[in-house]
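Take a moment to look over the chain below before reading on. A short tour follows, starting from the inside.

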Amino acid sequence: QEQLVESGGGLVQAGGSLTLSCAVSGISFSFNTMGWDRQAPGKPREWVATITSGGTTKYLESVKGRFTISRDNAKNTVYLQMNSLKPEDTAVYYCHSYWPNYWGQGTQVTVSS
């Protein structure tokens, strides 16, 4: 059964850091492009970052230089390191695979000012 389980969210002060993890099972992880999206209250879901099977990364402009997506194929896990967090980063963060398109349940990140 396909499963993506996020962890690592929480409450942090502005300027702080968090690392999100997404443990993946039931799909071909090492050959899959993986991504993180987020959804803030009252706003549509927003793409944040992507990492291909070869390690190529792309980022939403507003998180470039602050967020880093990475993967560990031996652990079937994708990460999102978030530094210099801002209140506008507050959202539920979701990891997902691209082929096929499966999503985790999300993890809440709250950044206080």
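Which residues touch the most other members of the largest nonpolar core?

## The core

This is a predicted model, and its largest nonpolar core has 28 residues. The ones that touch the most other members are W36, V78, L80, M82 and Y93. Several strands chip in at least two residues each: β3 (18-25), β4 (34-39), β5 (46-51), β7 (67-72), β8 (77-82), β9 (91-97) and β10 (107-112). The top giver is β3, with four residues.

V78 is a good one to click on. Setting aside its neighbours within four places in sequence, V78 is in contact with residues including L20, S21 and C22. Others on its list are F29, M34, W36, I51, I69, S70, R71 and C95.

## The fold

Going along the sequence, you'll meet strand after strand: the protein chain has 10 strands and zero helices. Written out, the pattern is β-β-β-β-β-β-β-β-β-β.

Among contacts with a separation of 6 or more, 53% are between residues 24 or more positions apart.

## Size and shape

The C-alpha atoms fill a box of roughly 40 × 25 × 25 Å along the principal axes. A compact globule of 113 residues would have a radius of gyration near 13 Å, and the protein chain agrees, because its own value is 13 Å.

## Surface and charge

Of the 113 residues, 42% count as buried. The accessible surface comes to about 5,700 Å², and carbon and sulfur atoms account for 51% of that.

As for charge, there are 9 positive and 8 negative side chains. The centres of these two sets lie 4 Å apart.

Technical notes. Residues are numbered from 1 along each chain as its sequence is written. This is a predicted model: local features need pLDDT of at least 70, side-chain atom pairs count only at pLDDT 80 or more; totals for chains, interfaces and linings use all residues. Side-chain values use heavy atoms; hydrogens and water are left out. The radius of gyration is taken over C-alpha atoms; the globule rule is 2.2 Å times the number of residues to the power 0.38. Buried means under 20% relative accessible area, exposed over 50%, partly exposed in between (1.4 Å probe, protein chains only). Contact means heavy atoms within 4.5 Å. Accessible areas come from the Shrake-Rupley method with a 1.4 Å probe; for residues, only the protein chains shown count as cover. Lys and Arg count as positive and Asp and Glu as negative; His and the chain ends are not counted. The place of a charge is taken as NZ of Lys, CZ of Arg, CG of Asp or CD of Glu. A nonpolar core is a set of buried Ala, Val, Leu, Ile, Met, Phe, Trp, Tyr and Cys residues joined through side-chain atoms within 4.5 Å.
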